[in-house]
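Reader: I have a chain loaded in my viewer. Walk me through it in short questions and answers.

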Amino acid sequence: MPYAWQCGILGAGEISMIVFIAIPSSGIVKDGKLTDEFLAMFALCQRTYPKITFIAPMIQDYAVLRFMPNVSATWEEWGHHCRNLIEVSDEVWVLKYPGWETSTGVTAEITHAQEFAIPVLYINPTQPNFV
């Protein structure tokens, strides 16, 4: 069974591609929570491209962490999960929020995608109509 199915990422219906969203927590986390701007952007991506399945581990990580007080949102804790998800993705979109170039997780995700010849797109989320 494909890893993405095991994780419950792929739903029923027609899917044209899977996109992994690489994003630094420094750009989207404030006071230990994901920003409304990021969540709105993610929802907009899903509505604009209904046949693309977007994978954003940051959303899952922060949702789960409320129930796991001894686990942190670090690459060391979640990197293995991200690498598996990248391997089943068709593309990786790097959202160029502040800190993306020096983020341990984002740089590792880019490298991993390149090792598997998965296209990496760099997107500036502050530009109008970037979606």
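Author: This is a predicted model. We start in strand S5, where Leu95 lies.

Reader: Is Leu95 buried or exposed?

Author: The cut-off for buried is under 20% relative accessible area. Leu95 has 1% relative accessibility, so Leu95 counts as buried.

Reader: How far apart in space are Leu95 and Val106, C-alpha to C-alpha?

Author: In sequence, eleven residues separate Leu95 and Val106. In space, the C-alpha to C-alpha distance is 9.3 Å.

Reader: Which residues touch the most other members of the largest nonpolar core?

Author: That core has 19 residues. Leu95 is among those with the most contacts to other members. The full list is Val19, Ile21, Ile23, Ile28, Phe38, Phe54 and Leu95.

Reader: Which element gives the most residues to this core?

Author: Strand S1 (17-22), helix H3 (36-48), S4 and S5 each give two or more residues. The top contribution is four residues, and it comes from H3.

Reader: What does Ile28 touch, not counting residues up to four places away in sequence?

Author: Ile28 is one of the core residues that touch the most other members. Its partners beyond four places are Ile23, Lys33, Leu34, Thr35, Phe38, Met58 and Tyr97.

Reader: How many residues are in the second, separate core?

Author: Leu85, Val94, Ile118 and Val120 are included in the second core. Its residue count is 16.

Reader: How many aromatic pairs does a search of the whole structure find, and what is the geometry of Tyr49 and Phe54?

Author: The search finds four pairs. In one, Tyr49 and Phe54 sit 6.5 Å apart, centre to centre. Their planes are 50 degrees apart, and the pair is tilted.

Reader: Is Tyr49 buried, partly exposed or exposed?

Author: Buried means under 20% relative accessible area and exposed means over 50%. Tyr49 is at 30%, so the residue falls between the two and counts as partly exposed. Its partner Phe54 is at 7%, which means buried.

Reader: What kind of pair do Phe54 and Trp93 form?

Author: The ring centres are 5.3 Å apart. The planes differ by 65 degrees, and over 60 counts as edge-to-face. Both residues are buried. The pair is edge-to-face.

Reader: How many residues apart in sequence are the parts that this pair ties together?

Author: Phe54 lies in strand S4 (residues 52-55) and Trp93 in strand S5. The pair therefore ties together parts separated in sequence by 39 residues.

Reader: Which residues form one aromatic cluster?

Author: Phe54 pairs with Tyr49. Phe54 also pairs with Trp93. The cluster is Tyr49, Phe54 and Trp93.

Reader: Glu91 is buried yet has no salt bridge; which side chain of opposite charge is nearest?

Author: Glu91 is found in strand S5 (residues 91-95). A salt bridge needs the charged atoms within 4 Å. The nearest side chain of opposite charge is 15 Å away, and it belongs to Lys96.

Reader: Which residues is Glu91 in contact with, leaving aside neighbours within four places in sequence?

Author: Ile118, one of the contacts, is also a member of the second core. The full set is Met17, Ile18, Val19, Phe20, Ile118, Pro119 and Leu121.

Reader: In what order do the elements run from the N terminus on?

Author: The protein chain has six helices and six strands. The order is α-β-α-β-β-α-β-α-α-β-α-β.

Key:
Residues are numbered from 1 along each chain as its sequence is written. This is a predicted model: local features need pLDDT of at least 70, side-chain atom pairs count only at pLDDT 80 or more; totals for chains, interfaces and linings use all residues. Side-chain values use heavy atoms; hydrogens and water are left out. Buried means under 20% relative accessible area, exposed over 50%, partly exposed in between (1.4 Å probe, protein chains only). Lys and Arg count as positive and Asp and Glu as negative; His and the chain ends are not counted. Contact means heavy atoms within 4.5 Å. Rings of Phe, Tyr and Trp (its six-membered ring) pair if their centres lie within 6.5 Å; planes under 30 degrees apart count as stacked, over 60 as edge-to-face and the rest as tilted. A nonpolar core is a set of buried Ala, Val, Leu, Ile, Met, Phe, Trp, Tyr and Cys residues joined through side-chain atoms within 4.5 Å.
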